[in-house]
Amino acid sequence: MAKDWTAVATAINTRLAELDMTQRVLAERAAVSTATLRQLQAPETYEPKKRSPRLLAAISEGLNWPKDRLARILEGDTPAEADTDLRNEVAALRREVAELRDRVDEMAPRGASAK
């Protein structure tokens, strides 16, 4: 399957707008050059180069995403598909927190008021 650099560009640009983040801030957070980001954000202008998985992971994390999100989008996953693992993990954590609350409630002495 061909790499979808346009989808990666769209995802980066959309996320920057959502976070009201500048290219410079993302470059600093991801420890990449603004020139590299500019190339990724405009694949129709710059011929896509082979990029290391670490680069896409750093940018993903700089955008507060799971580190594999841009790599998955590049390989053809939609943003929703790229988030499936994250949603499953959040759901599991919510179940665990609810279970822990129930255990704490069982351990609390009867008649004690919650603070």
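**Helix packing and the nonpolar core**

Helix H4 is mostly covered, with seven of its ten residues buried. In this predicted model, the buried residues of H4 are Leu-55, Leu-56, Ala-57, Ala-58, Ile-59, Ser-60 and Gly-62, and what covers them includes H1, H2, H3 and H5. Just after H4, the backbone at Asn-64 adopts a positive phi of about 65°.

In soluble globular proteins, nonpolar side chains tend to be buried together. The largest nonpolar core of the model comprises 21 residues, and those with the most contacts inside it are Val-8, Ile-12, Leu-26, Val-32, Ile-59, Leu-63 and Leu-70. At least two residues of this core are supplied by each of H1 (5-19), H2, H3, H4 (53-62) and H5 (69-74), and the largest share, five residues, comes from H1. One of the residues with the most contacts inside the core, Leu-63, touches Ile-12, Arg-15, Leu-16, Leu-19, Met-21 and Leu-26 when residues up to four places away in sequence are not counted. Ile-12 and Leu-26, both touched by Leu-63, are likewise listed among the core residues with the most contacts.

Two packed helices are described by the angle between their axes and the distance between the axes. For H2 (residues 23-30) and H3 (residues 34-41), the angle is about 115° and the axes lie 9 Å apart. Angles of 65 to 115 degrees count as roughly perpendicular, and H2 is therefore roughly perpendicular to H3. The crossing of these two helices is right-handed. On the H2 side, the contact is formed by Gln-23, Arg-24, Leu-26 and Ala-27, which meet Thr-34, Leu-37, Arg-38 and Gln-41 of H3. By residue class, this contact of H2 with H3 divides into three nonpolar, three polar and two charged residues. Leu-26 thus appears both in the contact of H2 with H3 and among the residues with the most contacts inside the largest nonpolar core.

Towards the start of the chain, Lys-3 lies in the segment that precedes H1. Its relative accessibility is 47%, and because buried means under 20% and exposed over 50%, Lys-3 counts as partly exposed. Although Lys-3 and Ala-71 are 68 residues apart along the chain, their C-alpha atoms are separated by 9.5 Å. Leaving aside neighbours within four places in sequence, Lys-3 is in contact with Leu-74 and Glu-75, of which Leu-74 falls within the residue range of H5 (69-74).

Technical notes
Residues are numbered from 1 along each chain as its sequence is written. This is a predicted model: local features need pLDDT of at least 70, side-chain atom pairs count only at pLDDT 80 or more; totals for chains, interfaces and linings use all residues. Side-chain values use heavy atoms; hydrogens and water are left out. Axes are lines fitted to C-alpha atoms, for helices over the stretch in contact, and angles run from 0 to 180 degrees between N-to-C directions. Helices (H or I, at least four residues) and strands (E, at least two) are DSSP runs, numbered from the N terminus. Angles under 35 degrees count as roughly parallel, over 145 as roughly antiparallel, 65 to 115 as roughly perpendicular and the rest as oblique. A crossing is left-handed if the near helix is turned anticlockwise from the far one by less than a right angle, and right-handed if clockwise. Contact means heavy atoms within 4.5 Å. Ala, Val, Leu, Ile, Met, Phe, Trp, Tyr, Cys and Pro count as nonpolar, Asp, Glu, Lys and Arg as charged, and the others, Gly among them, as polar. A nonpolar core is a set of buried Ala, Val, Leu, Ile, Met, Phe, Trp, Tyr and Cys residues joined through side-chain atoms within 4.5 Å. Buried means under 20% relative accessible area, exposed over 50%, partly exposed in between (1.4 Å probe, protein chains only).
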